[in-house]
Amino acid sequence: QVQLVESGGGSVQAGGSLRLSCAASEYRNCMGWFRQAPGKEREGVAAIYIRSTGYADSVKGRFTISRDNAKNTVYLQMNGLKPEDTAMYYCAARPSWSRGWSLSPTDFLSWGQGTQVTVSS
């Protein structure tokens with residue numbers, strides 16, 4: 001399995017921005033960002049397959065996923081943060097044979113340890 005390490009979480013006020021990074025031990029075509037708030041199920045936030053991207057409706061227009069293949073790193077730029085964005089954010093990778101992007105956690109095989117994002121009102 002690919003090893004994933006997230007960074008960049010923190011505490012911000014509503015309307016602020018954060019950029020999360022996910023460093024992978026090797027390249028994977030499809031990477032995704034997920035989040036899980038206390039008492040809630042893990043949900044897909046954004047995913048990227050090569051250059052194609054997909055987003056949850058709740059973050060469209062505010063979050064942007066991107067990648068730097070030379071660094072095997074995927075980013076999640078989060079703007080216009082809201083208190084409801086507060087959660088533990090996880091980076092994940094689909095198996096190397098996968099095709100297309102997905103926001104379903106069950107489609108992802110490798111997971112990072114998570115980074116906390118807290119947005120205060």
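The following conversation walks through selected features of a predicted model.

Biologist: Before we start, what kind of model is this, predicted or experimental?
Modeller: It is a predicted model.

Biologist: Let us begin with strand 5. Is strand 5 largely enclosed or largely open?
Modeller: Strand 5 covers residues 43-49, and six of its seven residues are buried, so the strand is largely enclosed by the rest of the structure. A residue counts as buried when its relative accessible area is under 20%.

Biologist: Which way do strand 4 and strand 5 run, parallel or antiparallel?
Modeller: Strand 4, residues 30-36, runs antiparallel to strand 5, and six bridges join the two. Within this pairing, W33 stands opposite A46 of strand 5.

Biologist: And how many bridges join strand 5 to strand 6?
Modeller: Four bridges join them, and these strands are antiparallel as well. Strand 6 spans residues 52-55. One of the pairs is A47 with its bridge partner G54 in strand 6.

Biologist: What about the hairpins? How many residues lie between strand 4 and strand 5?
Modeller: Six residues lie between those strands, and in this hairpin G39 takes a positive phi near 80°. The hairpin of strand 5 and strand 6 has two residues between the strands. There, I50 has a phi near 60°, a positive value in a residue other than glycine.

Biologist: Is I50 buried or partly exposed?
Modeller: I50 counts as partly exposed because its relative accessibility is 37%. This residue lies in the loop between strand 5 and strand 6.

Biologist: Which other residue, N72 perhaps, has a positive phi without being glycine?
Modeller: N72 has a positive phi near 50° and is a residue other than glycine. N72 is found in the loop between strand 7 and strand 8. At 22% relative accessibility, N72 counts as partly exposed.

Biologist: New topic: how many salt bridges does the structure hold?
Modeller: There are five salt bridges in the structure. One of them links R28 to E26, with the closest N and O atoms 2.8 Å apart.

Biologist: Are R28 and E26 buried or partly exposed?
Modeller: R28 is buried, at 13% relative accessibility. E26, at 37%, counts as partly exposed.

Biologist: Which residue forms a salt bridge with E43?
Modeller: R35 does, and the closest N and O atoms of that pair are 2.6 Å apart. E43 is partly exposed, with a relative accessible area of 34%, whereas R35 is buried at 6%.

Biologist: And where does D85 come in, as the other partner of R35?
Modeller: The side chains of R35 and D85 meet in a salt bridge at 2.9 Å, N to O. R35 lies in strand 4 and D85 in the loop between strand 8 and strand 9, so the pair ties together parts that are 50 residues apart in sequence. D85 is buried, with a relative accessible area of 1%. Shared partners join R35, E43, R62 and D85 into one network of salt bridges.

Biologist: Now cavities. How many are there of 30 Å³ or more?
Modeller: The count comes to one cavity of 30 Å³ or more. The largest cavity has a volume of about 60 Å³.

Biologist: Which residues line the largest cavity?
Modeller: Its lining includes E26, R28 and N72, which we have already met, along with others such as A24, M31 and D68. Strand 7 and strand 8 are the elements that give two or more residues to this lining. By type, the lining residues divide into four nonpolar, three polar and four charged.

Biologist: Last topic, two serines. Where is S66, and is S66 buried or partly exposed?
Modeller: S66 lies in strand 7, residues 63-68. S66 is partly exposed, at 31% relative accessibility. Leaving aside neighbours within four places in sequence, S66 is in contact with I48, T73, V74 and Y75. S66 and L76 are ten residues apart in sequence, and their C-alpha atoms are 6.6 Å apart in space.

Biologist: And S21, buried or exposed?
Modeller: S21 is buried, with a relative accessible area of 17%. Its place is in strand 3, residues 18-24. Beyond neighbours within four places in sequence, the contacts of S21 include V5, E6, S7 and W33, as well as T73, V74 and Y75.

Conventions: Residues are numbered from 1 along each chain as its sequence is written. This is a predicted model: local features need pLDDT of at least 70, side-chain atom pairs count only at pLDDT 80 or more; totals for chains, interfaces and linings use all residues. Side-chain values use heavy atoms; hydrogens and water are left out. Buried means under 20% relative accessible area, exposed over 50%, partly exposed in between (1.4 Å probe, protein chains only). Contact means heavy atoms within 4.5 Å. Two strands pair if DSSP finds at least two bridges between them. A salt bridge is a side-chain nitrogen of Lys or Arg within 4 Å of a carboxyl oxygen of Asp or Glu. On a 1 Å grid over the protein atoms alone, a cavity is a set of points where a 1.4 Å probe fits but cannot get out, and a pocket is an open set with protein on both sides within 12 Å along at least five of seven lines; lining residues have an atom within 4 Å of a point. Grid points are joined across faces, edges and corners, and a volume is the space filled by probe spheres set on the points. Ala, Val, Leu, Ile, Met, Phe, Trp, Tyr, Cys and Pro count as nonpolar, Asp, Glu, Lys and Arg as charged, and the others, Gly among them, as polar.
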